[in-house]
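Me: Hi! I've just opened this one and could use a friendly tour. Can we go through it together?

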Amino acid sequence: MRHSPKGIRFNELCKVCDHYFGKPRKRGTSHRVYRTPWAGDPRVNIQSSGGKAKAYQVRQVLLAVERLEQSHD
């Protein structure tokens, strides 16, 4: 995922978000919103585009996961 955020399946990105952020607080058919534990903009928003995750949202998830892992160190 880090090398190429294009072509990532939406359901795979959902699994990553579920693992790191828990269940989404909002869940639609093609749209999910996850809470993050920090102040400011405390959410990760992902959306399906024809079964694929949007590349910019994959990058946002990766940054959020990285930030989360750094806070645990």
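Me: Let's begin with C17: buried or exposed?

Reply: Happy to help! Keep in mind that this is a predicted model. C17 counts as buried, because its relative accessibility is 0%.

Me: And C14, buried or exposed?

Reply: C14 counts as buried, with a relative accessibility of 4%.

Me: How many disulfides are there in the whole structure?

Reply: Zero turn up in a search of the whole structure. C14 is in no disulfide, and the nearest cysteine sulfur, that of C17, lies 6.8 Å away.

Me: Why is there no bond for C17?

Reply: The closest cysteine sulfur to that of C17 is in C14, 6.8 Å away, so the two are too far apart for a bond. A disulfide needs the sulfur atoms within 2.5 Å.

Me: Okay, new topic. How many salt bridges does the structure hold?

Reply: It holds two salt bridges. In one of them, the side chains of E12 and K15 meet, at 3.5 Å from N to O. In the other, R32 pairs with D18, and the closest N and O atoms are 3.9 Å apart.

Me: Where do R32 and D18 sit in the chain?

Reply: R32 is in strand β2 (residues 31–35) and D18 is in helix α1, so this pair links distant parts of the chain, 14 residues apart. R32 counts as buried, at 11% relative accessibility, while D18 counts as partly exposed, at 24%.

Me: What about E12 and K15, where do they lie?

Reply: Both lie in helix α1 (residues 10–21), three residues apart, which is about one turn of the helix. E12 is partly exposed, with a relative accessible area of 38%, and K15 is exposed, at 53%.

Me: Why would side chains pair up like that?

Reply: In general, side chains of opposite charge can pair when their charged atoms come close.

Me: Switching again: what volume does the largest pocket have?

Reply: Its volume is about 180 Å³. The elements that give two or more residues to the lining of this pocket are β3 (43–49) and α2 (55–72).

Me: Which element gives the most to that lining?

Reply: That's α2, with four residues.

Me: Which residues line the largest pocket?

Reply: The lining is made up of T36, W38, D41, R43, V44, N45, Q57, Q60, A64 and R67. These divide into three nonpolar, four polar and three charged residues.

Me: Lovely, thanks for the tour!

Key: Residues numbered from 1 in each chain as written. Predicted model: local features only at pLDDT ≥ 70, side-chain atom pairs only at ≥ 80, totals over all residues. Heavy atoms only, no water. Buried < 20%, exposed > 50% of the residue type's maximum accessible area, 1.4 Å probe, protein only. 1 Å grid on protein atoms, 1.4 Å probe; cavity = no way out; pocket = protein on both sides within 12 Å on 5 of 7 lines; lining within 4 Å. Points joined across faces, edges and corners; volume = space filled by probe spheres on them. Nonpolar A, V, L, I, M, F, W, Y, C, P; charged D, E, K, R; others polar. Salt bridge = Lys/Arg side-chain N within 4 Å of Asp/Glu carboxyl O.
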